[in-house]
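Welcome! Take a moment to turn the model around on your screen before reading on, and then follow this short tour.

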Amino acid sequence: MFLCIVFEQASILVLTVWWCLSYYRCLLETINGSITENDKLLELIFVAKQIAILGSTGSIGRNALRVIDALGPEYQVFALSAHSNVELLAEQARRHKPRFVAVTNSEYIAQLREFLGGLDVEILAGPEGLTEIAELEEVDIVLTAVVGAAGLPAVLAAAKCGKQLAIANKEPLVVAGQLLVSEAKKNGGTILPVDSEHSAIFQAMQSGTREEVNKIILTASGGPFRGATVEDIRNVTLEQALAHPVWNMGPKITVDSATMMNKAFEIIEARWLFDMPVDKIEVLIHPESIVHSLVEFVDGSVIAQLGEPDMCLPIQYALTYPQRVAGISRRLRLEQIGNLTFEKPDFQTFRSLPLAYEVARTDGAAAAVFNAANEAAVEEFLAGGIEFVNIIELIEHCLDKHNVITSASLEELFEADAWAREEVRIKVHRSPTEKQVS
C-alpha cells in the first residue's frame with residue numbers, strides 16, 4: 001500500500017512538472033515566435049525517445065512523421081532515409097531537424113545537398129548508410145519501412161544493437177525471420193509489428209500467454225479480385241490489379257494484395273514473430289477491413305482488434321508501447337459500419353497462400369527465394385513484360401528449382417535472393433518461342 005501511495009504521488013508530481021513545462025513552452029512560443037532554444041531545456045528534463053525512420057518518404061514513413069508530430073516532444077526524429085525521393089526527404093529534414101539523413105541511391109547525393117541548402121545535418125550515402133543509422137547509439141527506436149530486402153542488413157544491425165525495432169515492411173521477417181528473432185533475443189532487442197494485422201495479433205495476445213493460444217486468424221480484404229475464379233483472373237489487366245477497394249498503397253504492395261501475396265508473407269511473418277506453429281495460423285477474408293486480426297485462446301475466447309483502415313494507429317502503438325496515448329487515428333463507429341462479413345479464401349485461385357504454408361514449414365532460404373521471385377515477377381508485370389497469372393507461375397518455378405538450404409546465413413540468404421531474381425529474368429526474357437511460363 002505504501003509503495004502504491006508513493007508511486008501515485010510521484011506520478012502526480014511528474015504530470016504537474018510536465019504541465020508546467022508545456023505551459024512554459026507555449027508561453028515562450030507566444031512571446032518569441034520560436035521555441036528552438038527552449039527545446040533543449042525540455043530535452044534535459046525529459047529523455048525523449050529518439051527515432052530513426054528508414055524509408056521516410058513512403059506512405060508508412062510519412063504517416064509515422066504525422067504520428068510523431070502529434071505525440072509531442074517526448075518523441076523526436078533522429079534520422080531519416082529515402083532511396084531517391086530527395087526533394088521530399090529534404091523537406092522532411094527541414095521540418096523535423098534530424099541529426100542524420102541517408103539516401104540509399106548515391107546518384108542523388110548532389111541533389112540532396114542542393115535541396116538541403118545549409119541545413120545542419122549529416123548526410124550518409126548508399127545502403128550502408130541505413131546500417132550506420134541503425135547502429136547509432138543515440139537511436140532508441142528504428143522504424144523500418146524500406147520496400148524490398150535492401151534494408152535487411154540495417155534491421156539485423158539494429159537487432160544486434162538491442163534496439164527497439166518497429167517493422168512495417170514484410171521482408172525482414174519473411175526473408176530472415178529466424179536470424180532476426182534470434183539476434184533480437186540474444187541482444188535484448190524488441191520487435192514490434194507495424195503492419196495492421198500483426199499489430200492486431202500482438203495486441204490481442206496481451207490477453208493471454210503464447211501457450212494459451214489455440215490459433216491466430218489473419219484477416220484479408222480479399223483485394224480487387226475477391227470472389228474471382230481461376231478463369232476470371234487469366235485476363236486481369238494492370239489497371240484492374242492496381243484498383244484496391246480499401247487501402248491506398250504503392251503499386252508493388254497493391255499487386256501483392258491482388259495476388260494475396262501480402263497475406264502469404266504475413267503467414268510467414270506470424271510464424272517467426274509469434275513463435276507459432278504454421279498449423280495454428282489461419283486466414284479469413286474480411287472485406288470491410290475493420291477486424292484487423294483475431295486470436296483464439298484454448299478456452300474458446302476470441303480476442304480481436306478493430307479499427308478504421310488507418311495505419312497511424314499501429315504505427316503509434318509500436319512507438320508508444322506499452323503505453324496507449326491519444327493520437328490522430330480515425331475513430332471507429334460500428335453503427336456506421338453495419339455488417340461485418342467473413343469467408344474462407346479460395347486456395348485454388350490464390351495459390352500464393354498454400355505456397356506460403358509450404359515455405360513457412362521450411363527453414364533456410366526458401367522464404368528468400370519466395371520473396372525475391374515475387375519482387376522480380378511483380379516488377380515485370382508492372383513493366384508490361386508478363387501477364388498477371390505469370391507472377392505466381394514464376395514464383396512456383398523458382399521454388400521448385402532452387403537448392404534447399406537449411407539454417408541459412410545472411411550471405412546465403414542474399415545469394416538465394418540474387419539467384420531467384422536472375423532466374424525470373426532469364427525465364428521472362430528468353431527467346432519468344434520459349435517465353436511461355438510453365
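Let us begin with one helix. Seven of the nine residues of H15 are buried, so this helix is largely enclosed by the rest of the structure. Those buried residues are Ser352, Leu353, Leu355, Ala356, Tyr357, Val359 and Ala360. What do the buried residues of H15 pack against? Their partners are helix H11 (251-259), helix H12 (261-273), strand E9 (281-285), H16 and helix H17 (390-401). Please keep in mind that this is a predicted model.

**The chain as a whole**

The protein chain has 438 residues, and 52% of them count as buried. Its secondary structure consists of 18 helices and 11 strands. Among contacts with a separation of 6 or more, 67% are between residues 24 or more positions apart. On the outside, the chain exposes about 21000 Å², of which carbon and sulfur atoms supply 52%.

**Helix H16**

One of the partners of H15, helix H16, covers residues 366-382. How far apart are the end C-alpha atoms of its 17 residues? They are 24 Å apart, which agrees with the 24 Å that the helix should span at 1.5 Å a residue. H16 is also largely enclosed by the rest of the structure, because 15 of its 17 residues are buried. Just after H16 comes Gly384, with a positive phi of about 85°.

**Charged pairs**

Side chains of opposite charge can pair when their charged atoms come close. A search of the whole structure finds 19 salt bridges. Three of these pairs are listed here, with the separation of their closest N and O atoms.

| Salt bridge | Closest N and O atoms |
|---|---|
| Lys263 and Glu197 | 3.0 Å |
| Glu266 and Lys263 | 2.7 Å |
| Glu396 and Arg351 | 2.4 Å |

Start with the pair formed by Glu396 and Arg351, whose closest N and O atoms are 2.4 Å apart. This pair links distant parts of the chain: Glu396 is in helix H17, while Arg351 is in the loop between H14 and H15, 45 residues apart. Arg351 counts as partly exposed, at 31% relative accessibility.

Next, look at Lys263, which forms a salt bridge with Glu197. Here too distant parts of the chain are linked, with Lys263 in helix H12 and Glu197 in helix H9 (residues 196-204), 66 residues apart. Both of these residues are buried. Lys263 also pairs with Glu266, and Glu266 is buried as well. Because Glu266 and Lys263 are three residues apart in helix H12, about one helical turn separates them. These residues belong to a network of salt bridges that links Lys170, Glu197, Lys263, Glu266 and Glu269.

**A buried serine**

Is Ser81, in strand E2 (residues 75-82), buried or exposed? Ser81 is buried, with a relative accessible area of 1%. Its side chain reaches the backbone nitrogen of Gly55 at 3.0 Å. Leaving aside neighbours within four places in sequence, the contacts of Ser81 include Ile53, Leu54, Leu89, Ala102 and Leu130.

**Backbone features in loops**

Most residues other than glycine have a negative phi, and most peptide bonds are trans. With that in mind, visit Asp275, whose phi is near 50°. Asp275 lies in the loop between H12 and E9 and is partly exposed, with a relative accessible area of 40%. Ser289 has a positive phi too, near 55°. Ser289 sits in the loop between E9 and strand E10 (291-297), and at 6% relative accessibility Ser289 counts as buried. As for peptide bonds, the one from Tyr321 to Pro322 is cis, with omega near 10°. Pro322 is found in the loop between helix H13 (312-320) and H14.

**Two more places to visit**

Asp232 lies in the loop between strand E8 (213-220) and helix H10 (238-241). A polar atom of its side chain is 2.8 Å from the backbone nitrogen of Thr229. The C-alpha atoms of Asp232 and Thr349 are separated by 9.0 Å, although these residues are 117 residues apart along the chain. Asp232 is partly exposed, with a relative accessible area of 48%.

Finally, the surface carries a nonpolar patch formed by Leu306, Leu334, Leu340 and Phe342, with about 310 Å² of accessible area together. Within this patch, Leu340 belongs to the loop between helix H14 (334-337) and helix H15 (352-360).

Technical notes: Residues numbered from 1 in each chain as written. Predicted model: local features only at pLDDT ≥ 70, side-chain atom pairs only at ≥ 80, totals over all residues. Heavy atoms only, no water. Helix = DSSP H or I, 4+ residues; strand = E, 2+ residues; numbered from the N terminus. Buried < 20%, exposed > 50% of the residue type's maximum accessible area, 1.4 Å probe, protein only. Contact = heavy atoms within 4.5 Å. Areas by Shrake-Rupley, 256 points an atom, 1.4 Å probe, with all protein chains shown as cover. Patch = residues over 30% accessible without salt bridge, like charges linked within 9 Å, V, L, I, M, F, W, Y side chains within 5 Å. Salt bridge = Lys/Arg side-chain N within 4 Å of Asp/Glu carboxyl O. Expected span 1.5 Å × (residues − 1). Polar contact = N/O pair within 3.5 Å; in protein donor to acceptor, adjacent residues only side chain to side chain.
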